[in-house]
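Open your viewer and get ready to click along. We'll go from stop to stop, picking something to select each time and saying what is there.

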Amino acid sequence: MSERRTRAAKLRRRAARRRRRRRMLRVVAITASVAIVASALLVALAWAMSPRQETYCVAQPQDFPDAGIAGWDGEQLENAAVIVRTAQGMGFERDGQIIGVMAAMGESSLRNIDYGDWETSGVTNPDGTRTSSIGLFQQQAWWGSVEQRMDPATAASLFYAKLARIAGWAQQPPSQAIHRVQVNTDPEHYAQFADDAEAVVDALSGECTAPLG
């Protein structure tokens, strides 16, 4: 009897240990599941509460926000929209659109001005002649007529036509790609406008209710 009782006691202890292990595993599994669910809820809540940029149809400037986008507003946003639409029409995707907006930000602050470096700073060409820069991209006389350079869409198309001829432009840092088009004195001049240009282009990527004309 003593041996049977001893074996029975051992079996009961083993069974008790197994039950404790199963309970512990259930507790661990429940705790892990709760943690996973809680993490997922927190991520979803953070996503829901995070500010999301409004987007606008590039062809509907009347809907652009009065407060502007990244500090650019009114005429500036309208000119950016012309650049984006021109780029789209010439087959340039988001990166190309950003480059065009960056260039105009750096050249004219996205304003279609009829003067340039000579008038503001007395800058001359390497041969000593006065610069003839005008328009969104501050293009000189060899880019085209005054009418062409002062028309935002035509000026943008001239910019993109030259950009398209630069081999590997998409693999270059954007400011340096612009520099090869504009041939300005500082290849890094346009880099300071990268974030703003991205914000503007992304904001002008909203769905349009009517076909683009």
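Is glutamine 182 buried or exposed? Select glutamine 182 and look around: this residue is buried, with a relative accessible area of 14%. Here buried means under 20% relative accessible area, exposed means over 50%, and partly exposed is in between, using a 1.4 Å probe and protein chains only.

Before moving on, some ground rules. This is a predicted model, where local features need pLDDT of at least 70, side-chain atom pairs count only at pLDDT 80 or more, and totals for chains, interfaces and linings use all residues. Residues are numbered from 1 along each chain as its sequence is written, and side-chain values use heavy atoms, with hydrogens and water left out.

**Stop 1: the whole chain**

Switch to a cartoon view. The protein chain has eight helices and zero strands, so the pattern along the sequence reads α-α-α-α-α-α-α-α. Helices (H or I, at least four residues) and strands (E, at least two) are DSSP runs, numbered from the N terminus. Of the 213 residues in the chain, buried ones make up 35%. Now think about contacts, meaning heavy atoms within 4.5 Å. Among contacts between residues at least 6 apart in sequence, 57% join residues at least 24 apart.

**Stop 2: back to glutamine 182**

Glutamine 182 lies in helix α7. Which residues does glutamine 182 touch, not counting those up to four places away in sequence? Show Glu107, Phe137, Trp143, Phe159 and Tyr190 as sticks, and you have them.

Step along to valine 183, which lies in the loop between α7 and α8. Valine 183 counts as exposed, at 58% relative accessibility. Check the backbone too: phi of valine 183 is near 55°, a positive value in a residue other than glycine.

**Stop 3: the largest pocket**

Rolling a probe the size of a water molecule over the atoms shows where empty space is left. Here the search runs on a 1 Å grid over the protein atoms alone, and a pocket is an open set of points where a 1.4 Å probe fits, with protein on both sides within 12 Å along at least five of seven lines; lining residues have an atom within 4 Å of a point. Grid points are joined across faces, edges and corners, and a volume is the space filled by probe spheres set on the points.

The largest pocket holds about 620 Å³ of space. Select Asp117, Ser133, Gln182, Val183 and Asn184: of the 27 lining residues, these are the closest to the pocket's centre. Next, color α3 (94-108), α4 (117-121) and α7 (174-182), each of which supplies at least two residues of the lining. By class, the lining has ten nonpolar, 14 polar and three charged residues. Ala, Val, Leu, Ile, Met, Phe, Trp, Tyr, Cys and Pro count as nonpolar, Asp, Glu, Lys and Arg as charged, and the others, Gly among them, as polar.

**Stop 4: the second largest pocket**

This one has about 160 Å³ of space. Which helix gives the largest share of its lining? Color α3 again: five of the lining residues come from there. Both α3 and α8 supply at least two residues each. Try selecting some of the lining, including Arg94, Trp169, Ala194 and Glu198. The classes come to seven nonpolar, one polar and three charged.

**Stop 5: α2 and α8**

Select α2, which has 15 residues. Its first and last C-alpha are 21 Å apart, close to the 21 Å expected at 1.5 Å a residue (1.5 Å times one less than the number of residues). Its buried residues, among them Leu77, Ile83 and Val84, pack against α3, α6 (152-164) and α8. Just after α2, glycine 91 takes a positive phi of about 90°.

Over in α8, buried residues include Ala197, Val200 and Val201. What covers the buried residues of α8 includes α2 and α3.

**Stop 6: the disulfide**

Finish with the cysteines. The structure holds one disulfide, counted as a pair of cysteine sulfur atoms within 2.5 Å. Select cysteine 57 and cysteine 208, which are joined with an S to S distance of 2.0 Å. Cysteine 57 sits in the loop between α1 (2-49) and α2 (75-89), while cysteine 208 is in the segment after α8 (194-203), 151 residues apart. The link is right-handed, with 100° about the S-S bond. Cysteine 57 is buried, with a relative accessible area of 4%, whereas cysteine 208 is partly exposed at 23%.
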